[in-house]
Structures are given as structure tokens and as C-alpha cells.
Amino acid sequence: MVLALPFGSAVAQADPPPAPVFTGGQAQPVFDPADVLREDVWVTAPVDSDHDGHDDLVHAQVVRPRATVQGMKVPVVYQASPYFAGGNDVANHNVDTELNVPTEGPRVPARRVGPQTPINWSYQDYFTARGFAVVYGESLGTGLSTGCPTTGDVNETAGARSVVDWLNGRAAARDAAGAPVTAGWSTGRTGMMGVSYNGTLPNAVASTGVEGLETIVPIAAISSWYDYYRNDGAVVAAGGYQGEDADVLAEYVYTRADRQVCRPVIDGLTAAQDRVTGDYSPFWDVRNYRNDVGKVHASVLAVHGLNDWNVKTDQVATWYEALKAHGVEHKIWLHQFGHNDPLSLRRDVWLQTLNKWMSHYLYGVDNGIQNEPKATIQREDKSWTDEADWPAPGTTGVKVYPWPGGKAKGTLDTHNPVPGRATVETLSDDAGKTIEQLVDAASSGNRLLYATPAAKQPLRLSGTARADLELSFDRPAANVTVVLADRAPDGKSHVISRGWTDPQNRTGPAVTTPVTPGTPYRIGVDLMPKDYVLAAGHRLEFLLASSDHDYTLRPAPGAGLALDLTRTSVTLPVTGGRAALSAAFGA
């Protein structure tokens with residue numbers, strides 16, 4: 001016989017599992033970040049990048065609050081990376097070379113730089129204290145993962161994605177002893193986040209549309225690998241890494257124990273990346289996540305430095321515009337530094353935004369973050385402002401025109417092009433001189449330079465400037481570099497933006513069409529997107545050069561370029577349009 005006991009009788013009741021606490025829409029630090037479980041698993045990825053007849057295995061490390069043992073299910077902040085095990089000592093390609101000729105490849109790595117150490121991300125304690133698990137995934141061919149590094153292709157993406165699949169019960173994993181491991185402690189809701197390569201992998205995985213990836217926070221991230229190592233047909237370096245390329249980066253991160261199994265794969269990268277023509281090709285197309293932006297359903301909080309010359313600003317600007325066009329929930333943070341994490345720049349406000357973002361998208365907290373201004377921008381004086389979106393609303397393209405005198409300094413007219421027949425000015429390439437040296441030279445035969453009058457009031461540029469040039473060449477191959485610079489009243493200069501092209505790719509980045517010396521060509525060059533305020537009293541300068549010592553290949557001096565000023569203009573992205581330009585420089 002079963003007896004019914006009255007309510008409140010002394011029968012032991014199971015305690016409910018612990019739960020996160022939210023105040024003001026933000027998760028609070030109610031868990032001890034030192035009281036966590038750390039587990040290693042190997043997730044099966046549906047690829048065989050090392051061609052050994054077995055699916056690749058992705059080593060992942062889980063760090064979760066111990067409260068998950070008591071039944072609390074938590075979402076995951078996931079960082080995928082090829083860098084957890086350090087890198088190899090590997091040389092870059094030679095860049096002091098003539099154009100359109102093969103260059104030497106990188107040397108085989110000689111030694112590991114930095115031993116593998118326990119992974120402890122600067123955000124780990126912050127998230128685990130607030131009821132999130134943190135998961136680290138080692139890219140294929142790195143650390144304790146199998147497979148081969150392939151610098152951004154579909155195999156690498158599938159490896160990073162497999163961890164999201166495992167968190168959602170769609171992929172198998174085992175522990176070090178070979179026993180199956182599931183992620184029953186996880187809600188499956190995952191956010192990916194990281195800086196540089198670690199921020200690029202979230203873009204890649206989001207572009208697959210994988211279920212369970214609810215949000216990504218790509219910081220200083222790549223959206224197209226072609227635009228990282230090339231620019232409109234020109235072989236262009238990431239700032240500070242002249243001669244690096246897809247094969248060099250794969251060689252650097254190739255840190256799995258077997259040092260030979262991936263040799264054919266990396267040699268294949270060297271052959272396919274094409275440093276001779278610089279053309280866009282199927283090799284680069286599979287590394288272009290913008291192709292699949294229509295599959296992205298994860299929200300995106302994009303973060304980038306306006307002075308990042310490693311992962312340049314076109315990576316975030318083009319990606320962000322595509323996300324907006326496809327209706328993806330979005331927000332952007334732009335700061336005045338370079339290749340940085342905002343944690344070191346504006347810690348308090350950044351963590352408040354990040355907390356609300358993750359609390360909303362991973363825990364479903366209705367805190368209104370999705371309705372806040374879409375853009376947070378740091379100005380030149382290091383102050384911050386929130387705006388409706390970016391580029392700034394009310395920005396339109398306005399043309400300005402170079403007038404004769406560029407060997408010293410011609411005028412950059414803000415209203416009228418040079419009239420009449422062809423007015424031609426020439427320069428001779430010298431890759432041994434930096435752009436900064438050319439900007440500051442009082443006179444030079446190696447560049448053409450044009451300047452506006454001093455601004456009467458501040459002028460804001462927001463977005464992408466473009467130079468449309470009429471150029472002829474005295475050789476069948478040459479670099480083309482264009483620059484915008486700020487000249488202060490004391491004469492000091494600052495490079496605002498620059499852009500590059502290969503005139504052989506004038507019809508498109510995928511097609512090399514020979515240049516006939518002496519024939520004029522229409523050449524368009526997009527500069528890196530910026531948000532910049534030219535201060536009152538400053539002059540805006542436009543520079544044309546051939547090679548850029550710090551970014552392009554560096555052929556021997558002497559290639560000649562001729563610019564027809566009557567058919568040349570520069571389109572500036574001016575906030576306030578023509579009226580703002582006229583107010584700054586006069587009618």
C-alpha cells in the first residue's frame with residue numbers, strides 16, 4: 001500500500017541546480033572561476049586533410065563551472081585557434097624581386113617557437129564566473145589535433161565547426177583513453193570569439209550556417225584570405241610581415257607531432273597560391289567567407305582597429321556591409337589602435353557590451369542590446385561615440401581632382417578637374433623608399449603629391465575612398481600605390497589610408513591582361529576603409545607611387561608611370577557630402 005504524505009512533510013527533496021544571475025541584463029560573477037572542471041576531448045571532424053584514411057580529430061579543451069555537475073546546463077564561449085601550441089621558425093618569401101617571376105619558397109621550419117602550455121584565455125575567468133563554459137579547439141594540424149593546416153580552406157572550417165556539432169550532439173568525441181564523451185552539460189548554444197586568426201575562424205564557421213552557433217565576436221578578423229595576402233592582383237603583405245603567404249602561415253602553425261605527414265599538403269599551398277600573377281583563383285575563392293554570407297544566421301559583433309595594417313579594415317568593412325545586406329543582426333566596434341583586443345583599450349565599457357551581447361544571444365536575456373546603436377567608434381582624441389551605424393549615415397562620395405605640380409606638391413582641387421587636353425605628370429619607381437619618406441619629401445621624382453588648402457573646419461571621412469586614374473607605363477609590369485595623408489600645420493604628416501593594384505588586373509582580380517608600354521589605361525584603386533576626422537587647419541594630401549616598400553613586391557628601381565590629370569579623380573567618402581567638403585575647403 002502506498003501512503004500519500006501531506007505537503008511539507010519531512011521527505012528529502014532534491015535541491016534545484018545552481019543557476020546564473022542576471023542584473024541589468026548582464027550575467028553576474030556568482031561562480032568561483034577557480035572551481036572549474038577542465039577536460040580534454042578529441043572531436044571527430046568529417047574531413048581527412050592529412051589523407052591517412054581516417055577522419056581528422058580536433059583536440060578541444062573544456063573549462064566549465066563545477067556547478068554543471070549539479071545539473072546546471074550552460075552555453076559555451078568557444079575559441080578556435082591554430083596558435084595554442086606555439087609556432088615554428090620559418091622564413092618568409094623573398095620580396096626583393098622583379099614582378100611576374102617566381103620567388104623562392106619558405107624554408108622548412110627548424111624549431112618550435114614556444115612550448116605548449118595550459119590554455120588560459122584572458123576572458124576565461126570572466127565567463128566561467130558568470131555561468132558560461134569556455135571551450136578551446138586546436139585547428140587541424142596543430143597541437144594535439146590530427147589533420148593538416150591549410151590556411152582558411154574548407155577543411156580547416158570543418159574542423160572548427162565540428163566542435164559546435166559536438167556541443168549539439170551531432171559529432172562524436174572521445175577522451176584520451178578512447179572512451180566516448182558527450183556534452184550533456186551544454187545547452188548547445190555557442191558563441192565563437194577571438195582575435196586575428198582566432199577571430200577569423202568564427203567568420204568561417206558562421207558562413208556554414210551551423211545550427212547552435214548563435215553569435216560570433218570576430219576581432220581583427222579576416223573575411224577573405226585573398227584580400228589578406230593580395231590586393232586587386234598585387235601581391236601585398238600583411239603589415240609587418242613582408243613575404244608571408246598562405247604556405248608560410250600553414251608552416252608556422254604546423255605543430256602536430258608528426259612533422260612529415262603534411263609536407264605534401266603545404267607544398268601544394270605553395271604551388272597553388274600563385275605569387276607570380278597574384279590573381280584571384282579557386283584556391284582563394286574557397287577561402288572567401290563572403291561567398292556564403294547568406295548562410296550566416298549567428299549575430300555578429302565585429303571589432304576592428306582603424307589603424308590595423310595587419311588585418312586591414314577592408315576585411316571588416318566588406319563583411320559588415322554583406323551582413324547588413326542579408327539581414328544578419330549586427331554591431332561594430334571601431335577603435336583607433338592597430339591589431340588589438342578592446343579588452344586592453346576600454347575594458348569596462350567593452351566588457352559591459354560583451355556581457356550583454358553574450359547574455360542576450362546565449363542565455364536569451366531580454367536586455368535590449370540588439371536595439372542599441374549599431375556602431376561604437378573611437379575618435380582620434382581617444383573619446384568614444386555611439387552612432388546609428390557605420391559608415392556614418394549621411395556619407396556620400398565626393399570627387400576631388402589633382403592639378404599640376406605633383407613632383408613637388410600640386411593642388412588637390414575640391415571642385416574642378418584639370419580642363420583641356422592631356423596634362424601628364426610622371427614618376428619613376430623606387431621601392432627602396434618608404435611611403436612615409438615619399439610623403440615627406442619636399443620634391444621627388446619617385447612620387448606625385450597633391451594637397452588641398454588648409455581645412456577651415458573639421459572634415460569627416462567615413463568609409464572607402466577610391467582613386468580613378470589614367471595611367472600609362474614604360475614596362476609591361478608595375479605596382480600602383482595610392483595614399484591619403486593628413487598634413488598638420490607644423491608640417492608633420494600622417495598616412496590615413498592606402499591602396500594597391502596590379503594594372504595587369506585592371507579588368508578584375510581574377511584576370512591578368514598584359515600591359516602594353518605607352519598605352520594609357522583606366523586604373524581604379526580602392527583605399528582601405530577608414531573613419532577619420534581631418535582637423536581644422538590640416539590639409540588632405542593624395543599621393544601616387546609605384547611600389548610600396550612595406551607592402552608590395554620590391555622590383556629594381558626605374559619603372560616609369562605617367563598620370564593624365566585631366567582624366568584622374570579621387571572620390572572621398574565625406575560625411576555630409578559636397579556641402580561638408582565645401583564648408584571645409586571653400587566654395
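Arg466 and Asp468 form a salt bridge in which the closest N and O atoms are 3.0 Å apart. This contact belongs to a predicted model, and Arg466 is partly exposed there, with a relative accessible area of 32%. Salt bridges that share partners also join Arg379, Glu380, Glu387, Arg460 and Asp531 into one network. A search of the whole structure finds 29 salt bridges.

Two further salt bridges show how such pairs can link distant parts of the chain. In one of them, Asp50 pairs with Arg256, and their closest N and O atoms are 2.9 Å apart. Asp50 lies in the loop between E3 and E4, whereas Arg256 lies in the loop between H5 and H6, so that 206 residues separate the partners along the chain. Both Asp50 and Arg256 are buried. In the other, Asp440 forms a salt bridge with Arg487, with the closest N and O atoms 3.0 Å apart. Here the link runs from helix H10 (residues 435-440), which holds Asp440, to strand E24 (residues 480-487), which holds Arg487, and the two residues are 47 residues apart. The partners differ in their surroundings: Asp440 is partly exposed, with a relative accessible area of 46%, while Arg487 is buried, with a relative accessible area of 9%.

The loop that holds Asp50 also contains His51, between strand E3 (36-44) and strand E4 (57-65). His51 has a positive phi of about 55°, although it is not a glycine. Is His51 buried or exposed? With a relative accessible area of 63%, His51 is exposed. Asp274 is another residue other than glycine with a positive phi, near 60°. Asp274 is placed in the loop between H6 and helix H7 (282-285), and at 22% relative accessibility it counts as partly exposed.

A covalent link comes next. A disulfide is a covalent bond between the sulfur atoms of two cysteines. The structure holds one disulfide, which joins Cys148 to Cys262 with an S to S distance of 2.1 Å. The torsion about this S-S bond is about -95°, and the disulfide is therefore left-handed. Cys148 lies in the loop between strand E8 (133-138) and helix H2 (154-167), and Cys262 lies in the loop between helix H5 (246-253) and helix H6 (263-273); the pair therefore ties together parts that are 114 residues apart in sequence. Cys148 and Cys262 are both buried.

The interior may be considered next. The largest nonpolar core has 74 residues, and those with the most contacts inside it are Tyr78, Trp166, Trp185, Leu213 and Trp225. Apart from this core lies another, of 40 residues, among them Val398, Leu544, Leu561 and Leu572. Which residues does Tyr78 touch, not counting residues up to four places away in sequence? Its contacts include Val135, Tyr136, Gly137, Ala160, Val163 and Val164, and also Thr190, Gly191, Met192 and Met193.

Thr215 is a polar residue to follow from here, and it is found in strand E11 (residues 213-219). At 0% relative accessibility, Thr215 counts as buried. The side chain of Thr215 makes a polar contact with the side chain of Ser299, at 2.6 Å. Residues up to four places away in sequence being left aside, Thr215 touches Thr190, Gly191 and Met192, as well as Ala298, Ser299 and Val300, among others. Trp357, Met358, Tyr361 and Leu362 are also touched by Thr215.

Those last four residues are among the buried residues of helix H9. Helix H9 (residues 347-363) has 17 residues and reaches 22 Å from its first C-alpha to its last, close to the 24 Å expected at 1.5 Å a residue. Why is H9 described as largely enclosed by the rest of the structure? Twelve of its 17 residues are buried, and the helix is therefore largely enclosed. The buried residues include Trp350, Leu351, Thr353, Leu354, Asn355 and Lys356, together with Ser359 and His360. Helix H9 is followed by Gly364, whose phi is positive, near 75°.

One further feature concerns the backbone. A cis peptide bond joins Trp390 and Pro391, with omega about -5°. Pro391 is found in the loop between strand E17 (384-387) and strand E18 (395-402).

Definitions and conventions:
Residues numbered from 1 in each chain as written. Predicted model: local features only at pLDDT ≥ 70, side-chain atom pairs only at ≥ 80, totals over all residues. Heavy atoms only, no water. Core = buried A, V, L, I, M, F, W, Y, C linked by side-chain atoms within 4.5 Å. Buried < 20%, exposed > 50% of the residue type's maximum accessible area, 1.4 Å probe, protein only. Contact = heavy atoms within 4.5 Å. Polar contact = N/O pair within 3.5 Å; in protein donor to acceptor, adjacent residues only side chain to side chain. Disulfide = S-S within 2.5 Å. Expected span 1.5 Å × (residues − 1). Salt bridge = Lys/Arg side-chain N within 4 Å of Asp/Glu carboxyl O.
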